[in-house]
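Hi everyone, thanks for making time this morning. I'd like to walk you through one structure, so please have a look at the screen while I talk.

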Amino acid sequence: MTNARPIQGRSALPTILLGGKAYFIDLEARLFRETMDPGRYVDFDSARGSELREQAGIVACLGCGTSVIVPVSLRGTQLRCVRCGMFLEQRDPSRRR
Ligand SMILES: [Zn+2]
């Protein structure tokens, strides 16, 4: 199931089930949006957002701040940012800041 057609100017957002709720992962806005009500969301930088990012495997680039989803199978490997080429942060995101 690959549907990369843009929806209102942006790519379709990946969805994840976390804590019994389904969320769109909005990497651009850095938000988890509830699929049932996208106006309701959890900010990546909130305490709950940190938990969700950890569960979802979302890490931030040390160089440009771009957020990416790292599959479990690739965790701990040296991945580079698609935007700036720097290494991606792979520490526990909840211990950041
Ligand atoms: Zn980067």
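Let's start with the overview: what pattern does the chain follow, read along the sequence? From start to end, the pattern is β-β-β-β-α-β-β. In total, that comes to 1 helix and 6 strands. Please keep in mind that this is a predicted model.

So a word on confidence before the details. The chain has a mean pLDDT of 81, and 80% of its residues reach 70 or more. Across the chain, confidence is lowest in E1, with a mean of 86, and highest in E4, at 95. Two stretches need some care. Over residues 1–7, pLDDT stays under 50, and the model has 6 contacts there beyond four places in sequence. Over residues 92–97, pLDDT also stays under 50, and the model has 10 such contacts. Where pLDDT is low, the predicted coordinates should not be read in detail.

Now to the sheet. An open sheet is formed by 4 strands, in the order E1-E2-E3-E4, with antiparallel pairing. Strand E1 (15–18) and strand E4 (41–43) are the edge strands, and each of them pairs on one side only. From one strand to the next, the twist averages 30 degrees.

Let's look at the beginning of that sheet. E1 and E2 make a hairpin with 2 residues between them, and Gly-19 in the turn has a positive phi of about 55 degrees. E1 and strand E2 (residues 21–26) run antiparallel and are joined by 4 bridges. Leu-18 has Lys-21 in E2 as its bridge partner, while Ile-16 stands opposite Tyr-23 in E2.

Moving along E2, we come to Asp-26, which has its place in that strand. Is Asp-26 buried or partly exposed? Asp-26 is partly exposed, because 17 other C-beta atoms lie within 10 Å, and a buried residue would need 20 or more. Beyond its neighbours within four places in sequence, Asp-26 is in contact with Leu-13, Leu-31 and Arg-33. Take Leu-13: Asp-26 and Leu-13 are 13 residues apart in sequence, yet 6.2 Å apart in space, C-alpha to C-alpha.

After E2 comes a loop, and Arg-30 sits in that loop between E2 and E3. Most residues other than glycine have a negative phi. Arg-30, however, has a positive phi, near 60 degrees. Arg-30 is also partly exposed, with 17 other C-beta atoms within 10 Å.

Next to the loop in sequence is Leu-31, so to speak our door into the interior. Setting aside neighbours within four places in sequence, Leu-31 is in contact with Asp-26, Tyr-41, Val-42, Asp-43 and Phe-44.Which residues make up the largest nonpolar core? There are 11 in all: Tyr-23, Ile-25, Leu-31, Phe-32, Val-42, Phe-44, Leu-52, Ile-58, Val-59, Cys-61 and Leu-88. E2, strand E3 (31–34) and strand E5 (58–60) each supply at least two residues of this core. Over the whole chain of 97 residues, 14% count as buried.

On to the helix. In helix H1 (residues 47–56), the buried residues are Ser-50, Leu-52 and Arg-53. These three lie on the same side of H1, because they cover an arc of only 165 degrees around the axis. What do the buried residues of H1 pack against? Their partners are E1, E3, E4 and E5. On the face turned away from the buried side, H1 carries the exposed residues Ala-47 and Gln-55. Just after H1 you'll find Gly-57, with a positive phi of about 75 degrees.

Finally, the later part of the chain. Thr-77 lies in the segment after strand E6 (67–69). Thr-77 counts as exposed, because it has 9 C-beta neighbours inside 10 Å, and the cut-off for exposed is 12 or fewer. Thr-77 and Phe-87 are 10 residues apart along the chain, and their C-alpha atoms are separated by 9.9 Å.

One last number for the chain as a whole: among contacts between residues at least 6 apart in sequence, 26% join residues at least 24 apart. That's my tour, and thanks for listening!

Notes:
Residues numbered from 1 in each chain as written. Predicted model: local features only at pLDDT ≥ 70, side-chain atom pairs only at ≥ 80, totals over all residues. Pairing = 2+ DSSP bridges. Axes fitted to C-alpha atoms, helices over the stretch in contact; angles between N-to-C directions. pLDDT = per-residue confidence, 0-100. Contact = placed C-beta atoms within 7 Å. Core = buried A, V, L, I, M, F, W, Y, C linked by C-beta atoms within 7 Å. Arc of directions from axis to C-beta.
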